[in-house]
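Here are my notes on the two-chain structure, set out as numbered points. Please read them with the coordinates open.

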Number of protein chains: 2
Amino acid sequence: MIFMTGPFTGTLVPCSGKLAISTKSPASGTILDCSIGGHFAGELKYAGYDAVIVEGKAKEPVYLWIENDRVEIRSADEVWGKGTHETEFSLKNSHGLDVKVLAIGPAGENMVSMACISSELYRQAGRGGVGAVMGSKNLKAIVVRGTGGVAVANHKELCTKAKEFLKNDALTDDNLWAYTDGTPMIVELSHSSGILPTRNFQQGTFAEFKNISADAVKGVRKDKKGCLSCGLGCGNYVEVGQITVEGPEYETLAIGGSNCGISDLEAIVEFNKICDDLGLDTISVGNTIAFAMEMTEKGIKDFNLRFGDVEEYLRVTEEISNNQSDLALGVKALAEKYGGNDFAMQVKGLEFPGYEPRGAWGMGLAYATSDRGACHMRAWPVADEAYGDMDPFTIAGKAEMVIGLQHYNAAKFSTILCDFWALSLETAAELLTLTTGKQYTAQDLEVIGERIVNLARLFNAREGFAAKDDKLPRRIYNEALKTGATAGKRLPEVEFNRMLREYYQLRGWDNTGKPIADKINQLGI
Amino acid sequence: MIFMTGPFTGTLVPCSGKLAISTKSPASGTILDCSIGGHFAGELKYAGYDAVIVEGKAKEPVYLWIENDRVEIRSADEVWGKGTHETEFSLKNSHGLDVKVLAIGPAGENMVSMACISSELYRQAGRGGVGAVMGSKNLKAIVVRGTGGVAVANHKELCTKAKEFLKNDALTDDNLWAYTDGTPMIVELSHSSGILPTRNFQQGTFAEFKNISADAVKGVRKDKKGCLSCGLGCGNYVEVGQITVEGPEYETLAIGGSNCGISDLEAIVEFNKICDDLGLDTISVGNTIAFAMEMTEKGIKDFNLRFGDVEEYLRVTEEISNNQSDLALGVKALAEKYGGNDFAMQVKGLEFPGYEPRGAWGMGLAYATSDRGACHMRAWPVADEAYGDMDPFTIAGKAEMVIGLQHYNAAKFSTILCDFWALSLETAAELLTLTTGKQYTAQDLEVIGERIVNLARLFNAREGFAAKDDKLPRRIYNEALKTGATAGKRLPEVEFNRMLREYYQLRGWDNTGKPIADKINQLGI
């Protein structure tokens, strides 16, 4: 399990506050990487480390205490069993207010496959079960304090360029939404383009979408927050009733809201806080609850969960973290146990994020081919399809677009920059050159991106994944949506398969979805 | 009870991070003001407030939640009974990591007269029982979040001047000790000049002083910390065993260390943390324990406490916070109950800080005439006497010096700047003019300082205080010290009284220590 900073971490390069966490996913069995914002990554770098690699398993619960040159494995007896919030506070009480903390909650300790890692209460490495991997190692937390600095190759010019890029390239009108609204602005976009997951993806619109929209969130917003080095500040602190949370982000509003038939913003905020504290990924949990709601509705299995039932929705979340409910299995294993496979909204064991692929066919391809299962971070074609000018209901040009986005994101995320800076690879190359002293071009990064995608594919092939796993739940192929801009729309399997084949061909992969020798050689793998 | 920011709070004027808290002291019955560092004051200002005035008493335990324009009184049920650390974390969990918190611990709730107010775990408004006043109002905490700014009269020139003063006037070689050592550097100074309180002021030197010196503290130091706007960064984070604390400061090392016969740094660090968490002033608690140790030693009353007994020393501290021990009375009331008045080291009910007046006669006058009882913040003549070039063992020039220092400090602290910037009144006046837009001169500030001292004196006179209360414990008059630079020294009562009379005369006060009408008129009171 690798906790990785990037070449820009700890510098003033905009949006470089992330930490990447790489491991094998307990949710999907694929390769997994996941990122977390806040201030941990910078602190780790200031302590003198590019990465922390954790091998093996401790006999008893422990945490890692890193203070500059000193690294200690300490007993976690006092915090084991506690939520991430109490854990973080307790560790700050032990080590001083200035330390930064990554921690798992009970969900991670119990190795629930949708367990996340939390930092600063409300920042999460959410997807794929990174928290369960920490739990499997009896590693409750990593605490770091660093008082050093970061050396870069060309300090003066990097400062000048970073400021210039911040002003002209990051803090652009196009990016202003991050500060003014944050991700909740996507709710209305998704609803009006018919791709807002509603009632376990039975619909793409939500009659009560206004209750969970950016305006609703802004109505209870109290504050803004950003990560280290960020000029955008996308985080919203909200307060509803007596509950304060940094969030909810779009994914939580969509998957924990409309997708569970829930329009009560206070309930979603509480769900958000419970998940953050217990250490659960809101996307996977929301999907699992929504799936159980539909299973109950259809009479396949009674989970005592109904769409819109706030009380049960909040109760079961706690049960999941304690592994006291079947729902802790996640959507895929739950469907294997009780049925409902056709509407089990997951790919390779990872639950769908908040974008309906029937209203953005390229998004369907992105879900099917992402290395870690149904994921919106490897490629996000909805921006061009559902929200943009590209026809969402065609496969024309989608394979090429998804490939381009996958390379771009792989390259960008390998520099460990935040998703929300739509920087060009030219800019990234220029910053890399100034930071590392090695010459990079946009072309280099394009190749790096492609190499990453292929390497991940080879990793997954070794684990037994192949074309058979690059597929969507049958609901997407067979059931037409009924409302809004996507009424009457499905993504027919034949179209999907055609798009997938084109994707393989363009990638230089064979019909089983495996990179051919020429491609592997060409990329120098 | 008034929580007050200053004209510089929230600006980049160096060392302006303090908050002043004014009330009537439950320890002494005098007027009381007390200051606390950290980031609370700036946050309050950014929320739009110069001050918070709390009147009356809540029926049930409450806390105050201030978020910009919104002010709410909320139930403190969840945090009542908790230590300040858990309270602060719990309130951050409720209101977001960015809020700033002032809180009392069990000591304040139980209205122990040596209860302090804590912020950021390790910052305290320590003296005179401000925590007990909050407790008497059922006010557990104040939580504030402010997202505004601060307007000043002459922004551009203030920035220029503030930076200039920071560089040339605050971050001087003379001030470098704050960063390199912090206040523990005083331990060795005090020991070698024979004024380090040892075993309840029975000695002025401590054989094991090296164990509690700056070098010892630096040996376990892990980090440095400063308040908002501070360029000095005097705070030391230390870690001993498994205990981390920001501290111990000199006062805790002296009064909680040598004065209790304790040279075990780990025990002092633990004492420091317990006091911070339970909400107790280390100076008053340390003195009370030392007094009880001597009472036990002399056979006057057996408190089961011996000089150097670490275990009992830590145990009784917790009892004090819970008001389960007679020691919660403080030195004065304890002496009234059981005797030992001659070596009850307090003035007007406030226990001595860490400077032996037999080795700095002016310090004796400062203790006796300070408006809040034995205090080192109203005037600190030891700098010139024990640590400087002035003869410590004479009264010549001391009254005049103490008066000058009292005016200077009253003026400086009324602008709510930190003690550790030895700025001139000229500098203060220049900054005040740029900040407020009103013209100030050093002479104005001198008069303001004198007016404050006289006004406080009139307040105390109204409460029944007079010349009879301006006195020192008889040990100072009668017992000669036996070791080091102060061997053979006492401060004879006749000398003390002569110095006090001169002080009254120079001040324009009558023989009862009351300002005469001419003085009151002259100051425009």
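1. A salt bridge here is a side-chain nitrogen of Lys or Arg within 4 Å of a carboxyl oxygen of Asp or Glu. The side chains of A:R145 and A:D98 satisfy this, with an N to O distance of 3.8 Å. A:R145 belongs to strand β10 (residues 139–145) of chain A, while A:D98 sits in the loop between α2 (84–95) and β7 (100–103) of chain A, so the pair ties together parts that are 47 residues apart in sequence. Please keep in mind that the model is predicted. Over all chains, a search of the whole structure finds 74 salt bridges.

2. How are the two chains placed relative to each other? A turn of 180 degrees and a shift of 0.1 Å along the axis lay chain B on chain A with an RMSD of 0.0 Å. The two copies are therefore related as by a two-fold rotation axis. In chain B, the C-alpha nearest this axis belongs to B:F89, at 3.0 Å from it. Both copies use the same surface, as 100% of the contact residues of chain B recur in chain A.

3. On the extent of the interface: 28 residues from chain B and 28 residues from chain A take part in the contact. Between them, chain B and chain A bury about 2400 Å², of which 40% is on carbon and sulfur atoms. B:F89, B:N93 and B:L97 account for 27% of the area that chain B buries against chain A, more than any other three residues. B:F89 thus appears twice in these notes, as a contributor to the buried area and as the residue of chain B whose C-alpha is nearest the axis.

4. On the polar side of the interface, the rule finds eight salt bridges across chain B and chain A. In one salt bridge, the side chain of A:E239 meets that of B:R74 at 2.6 Å, N to O. There are also 20 residue pairs in polar contact across the interface, both residues being at pLDDT 80 or more. The elements that give two or more residues to the side of chain B that touches chain A are β5 (62–67), β6 (70–75), α2 (84–95), β11 (221–225) and β12 (235–240) of chain B. Of these, α2(B) gives the most, with six residues. By class, this side of chain B has six nonpolar, nine polar and 13 charged residues.

5. Next, the strands at the start of chain B. Strand β1 (residues 2–4) of chain B runs antiparallel to strand β2 (residues 19–24) of chain B, and three bridges join them. B:I2 has B:S22 in β2(B) as its bridge partner. On to the next pairing: β2(B) and strand β3 (residues 31–36) of chain B are antiparallel over six bridges, with B:K24 opposite B:I31 in β3(B). The hairpin of β2(B) and β3(B) has six residues between the strands, and B:G29 there takes a positive phi near 80 degrees.

6. Chain A can be checked in the corresponding places. Strand β1 (residues 2–4) of chain A and strand β2 (residues 19–24) of chain A pair antiparallel over three bridges, and A:I2 stands opposite A:S22 in β2(A). β2(A) also pairs with strand β3 (residues 31–36) of chain A, in the antiparallel sense and over six bridges; A:A20 stands opposite A:S35 in β3(A).

7. A further hairpin of chain A deserves a look. Strands β5 (residues 62–67) and β6 (residues 70–75) of chain A run antiparallel and are joined by six bridges. A:I66 faces A:V71 in β6(A). Two residues lie between the strands of this hairpin, and A:N68 takes a positive phi near 50 degrees.

8. Which backbone details should be inspected? Most residues other than glycine have a negative phi, and most peptide bonds are trans. B:L121 is not a glycine, yet has a positive phi of about 70 degrees; its place is in the loop between β8 (117–119) and β9 (123–125) of chain B. The peptide bond from A:G247 to A:P248 is cis, with omega near -10 degrees. A cis peptide bond also joins B:G247 and B:P248, with omega about -10 degrees. B:P248 lies in the loop between β13 (243–246) and α9 (250–255) of chain B.

Note on methods. Residues are numbered from 1 along each chain as its sequence is written. Chains are lettered from A and ligands numbered from 1 in the order in which they are written. Side-chain values use heavy atoms; hydrogens and water are left out. Contact means heavy atoms within 4.5 Å. Buried area is the accessible area (1.4 Å probe) that two parts lose on being put together, summed over both. A polar contact is a pair of N or O atoms within 3.5 Å; within protein, one must be able to donate a hydrogen and the other to accept it, and residues adjacent in sequence count only if both atoms are side-chain atoms. Helices (H or I, at least four residues) and strands (E, at least two) are DSSP runs, numbered from the N terminus. Ala, Val, Leu, Ile, Met, Phe, Trp, Tyr, Cys and Pro count as nonpolar, Asp, Glu, Lys and Arg as charged, and the others, Gly among them, as polar. Two strands pair if DSSP finds at least two bridges between them. Copies are superposed by least squares on the C-alpha atoms of residues with pLDDT of at least 70 in both.
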